[in-house]
Structures are given as C-alpha cells and as structure tokens.
Amino acid sequence: MSSSSATVSGIGPLSEAVPFSLCTREPHVPADRLVAEMVPPPRFDSVRFETYIPDPNQPSQTEAVRVLSGFAAGLGGAHATGTGKRGFFGLGRAKSPKLPAGPRGVYLDGGYGVGKTHLLASLWHATPAEPSLKAFGTFVELTNLVGALGFQKTVQTLSGHRLLCIDEFELDDPGDTVLVSTLLGKLVEAGVALAATSNTLPGKLGEGRFAAADFLREIQGLSAHFRALRIDGEDYRHRGLPEAPAPYSEETVTKAAYATGGASLDDFPHLLDHLARVHPSRYGALTDGLKAVCLTDVQPVPDQSTALRLVVLADRLYDREVPVLASGAPFDRLFSEEMLNGGYRKKYFRAISRLTALARDAERLVEQSPARR
C-alpha cells in the first residue's frame, strides 16, 4: 500500500497508513524556529474580535472587546522606537522611547475558559503591522527563546516589534518571572506594546480566580505600564455542551488509530515516561504533523512533575486542535484530589477542560472507522 508522508525536522517521516509512536520522537528545535513560530497557534489562526461571542450576562466581556479593539487601532501610528504620533490607548504623543507615559500594555484578567487567548490572538491579528513586527507566545515559549538566544540577543530581536503578546504568564516561577519582567522592561523602553494573560499564584487560589493584583505586583516596576481588564464568565468549553465522552475500549482506540492517517498510538504510562526525557519547549515540535493522538491505558498521573509536563502537552495539543482518543480512566480523574486542591489547581483544571474538548473532537474518529466501543 502506498502512502504519502511528511518529514518533520529531527523526527522523521509520518506514515498515513500505520500509526506512529510519540515515544519515538525526540525533536530538536533550532533557535530561529522559536522566533519564526511566535505567532498565534493554529487553533487561533482565524479568530478575530468579531468572532468572539460575549456572554450577554457578562458585560465585562463586551467591554474587553471594545477596549482591546481601541488598543489595537492605537498601535497603527506607533513606531517600534516608541515615537509614534499617538500614545497607547490614545493618551497623546509618546514623548520618549526611554520612559513612555501611560499604559504600554494590557493584562487580561479572568478564569480559564473565558476566552482570554481568543482575545489575545484577536489583538495580535488586529494590530496594523506586518507579522514580523508582532510576536505571540506563551510565557514558557518566551523563556525558552531567552535560553536559546541569550538575554541581550532576545532584547535585540524583539525590540523592533510593535506588539508582544504573552499567554499564560507563569506567576508561580519566581526566577523566570524576574527574568521576563526584566526583558519586558527593556522592550517597553524600546517602545514595544505588551499584552498578557496569566495563571494564579499558588498561595492565592483560595482568594478567588483572578490574578491582576498578583500579576502587577510580580512584574514590579512594569505595573504602571499595564491596564488590567477583568473578564468574568464561565468556561466556554462547557457552556451548553454534552458531557465528555466516556473512555473507549483499547480495541476501539487501536482500530481508530490504524484507520486515521497521521495518528499516533501510545500506551499512556510510556508516553508520560517519554515526556520526562523531552524538554517542554519541544512539545510543540513533538506534535508536528499530528492528526490525532490515540492513548491506551490512561491512568491518574503519579506525581506533580509528571502532571505539569502533561499540562504543557495538553496545551500544545489544544492549540493545534489535535483530537485525543483514549481508553482507561476518564480525563477528569487524571489528577489527584491533592493536586486539584493545591498550588497548580488552575493549570490542572485547564488541562482537564482542554483534554475534554479534544476528547469530544475525537468522537468522529470512531464514527469514521470500523471500530466500536
């Protein structure tokens, strides 16, 4: 049987006839790829402010669209040096690239699933500048860029940008927070506009689901440059949707993997072991070319380090809209009660939410294959 294949850098060809194993992939990601890929992920290629559907019961969502649309429009006359005709939010002329007056950025403050990434990507798309003058990435991807290029080279590379969007700012890593805050200070001095979302600090989870005060405190001297936009609402992935599908049998998952071109098939415990040998910065490359992920023997994760690696993989799969078909334990049992009540609670609930959405997407794999539950 003939089959077409696509070659992925450092991990070889993908067959459309036989499922491959993610455990055989050990991708190597060059620094220039890290820079070139700082754009909204495939899931958010086509999102715009117009496609964001505000909850009529949450006026803060409509207000966020209005403010962000104005913010994007205001960047049209701003040069990367910070010497544009108008300041950010229309607050007059930007007088100096060294210490620009007024907000230089926005912080989207809200729980998981309220559409913060949709809005952040819409801001990136709406900003009137060439893609090479805009950057979009997660906090982890930004720290990986610094690690690959070095601090000064990263400053030099991003200083010519008009906008930097940072999704999921990691407030729970003090060292990296200081590193990125210092980087952002340099970029603000160069006239780069900033936009960010973040998770919640571990010790603050009992005080509510919003993190603006934590974010503004942790970035210290940068706080005056951000305007916080609170976005209320419930997880949109569960609004009016059916319950997540129950896990399938191992036979059904295996048959669907063989019937789906570009699918992977892995034993879940073995995949968790493999993730420990691949740096999380490479998880995006690990998923290159994937059309579906098929997992057998899903079990609760054994420890927090493993759980956090799984969260990163779930994020990358969700960004790329890769359906996940699984046998074993349901996704809402991946993390222990201790984990769900601990400092990384928000990350784990986000992962469950995203994996559940991808499990719904995977139902069509069974419908299109000769497999049955």
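**Exercise 1. Determine the handedness with which H2 passes H3, and describe the packing of the two helices.**

H2 passes H3 in a right-handed crossing, where right-handed means that the near helix is turned clockwise from the far one by less than a right angle, and left-handed anticlockwise. The model is predicted: local features need pLDDT of at least 70 and side-chain atom pairs pLDDT 80 or more, while totals for chains, interfaces and linings use all residues. Residues are numbered from 1 along each chain as its sequence is written, and side-chain values use heavy atoms, without hydrogens and water.

Step 1. Locate the helices: H2 spans residues 59–74 and H3 residues 116–126. Helices (H or I, at least four residues) and strands (E, at least two) are DSSP runs numbered from the N terminus.

Step 2. Take the geometry. The axes of H2 and H3 come within 9 Å and cross at roughly 30 degrees. Axes are lines fitted to C-alpha atoms, for helices over the stretch in contact, with angles from 0 to 180 degrees between N-to-C directions.

Step 3. Classify the angle. H2 and H3 are therefore roughly parallel; the classes are roughly parallel under 35 degrees, roughly antiparallel over 145, roughly perpendicular from 65 to 115, and oblique for the rest.

Step 4. List the contact (heavy atoms within 4.5 Å). From H2 come Ala64, Val65, Leu68, Phe71 and Ala72, which meet Leu119, Leu123 and Ala126 of H3. By class, this contact has 8 nonpolar, no polar and no charged residues. Ala, Val, Leu, Ile, Met, Phe, Trp, Tyr, Cys and Pro count as nonpolar, Asp, Glu, Lys and Arg as charged, and the others, Gly among them, as polar.

**Exercise 2. Describe how H5 and H4 each pack on H6.**

Step 1. Start with H5 (residues 151–158), whose axis is 10 Å from that of H6 at an angle of about 40 degrees. That makes H5 oblique to H6. The crossing of H5 past H6 is right-handed.

Step 2. Name the residues: Phe151, Thr154, Val155 and Leu158 of H5 touch Leu179, Thr182, Leu183, Lys186 and Leu187 of H6. The contact of H5 with H6 holds 6 nonpolar, 2 polar and 1 charged residues.

Step 3. Turn to H4 (residues 139–149), which packs with H6 at about 75 degrees, the axes being 11 Å apart. H4 and H6 are therefore roughly perpendicular.

Step 4. Phe139, Leu142, Thr143 and Val146 in H4 meet Asp176, Thr177, Leu179, Val180 and Leu183 in H6. By class, the contact of H4 with H6 has 6 nonpolar, 2 polar and 1 charged residues.

**Exercise 3. Place valine 188 and state its exposure.**

Step 1. Valine 188 belongs to helix H6 (residues 174–189).

Step 2. With a relative accessible area of 3%, valine 188 is buried; buried means under 20%, exposed over 50%, and partly exposed in between (1.4 Å probe, protein chains only).

Step 3. Serine 159 is 29 residues from valine 188 along the chain, and their C-alpha atoms are separated by 8.5 Å.

**Exercise 4. Examine the positive phi values of glutamate 168 and aspartate 297.**

Step 1. Most residues other than glycine have a negative phi.

Step 2. Glutamate 168 has a positive phi, near 60 degrees. The residue lies in strand E5 (residues 163–169) and, at 10% relative accessibility, counts as buried.

Step 3. Aspartate 297 has a positive phi of about 55 degrees. Its place is in strand E9 (residues 292–298), and at 32% relative accessibility aspartate 297 is partly exposed.
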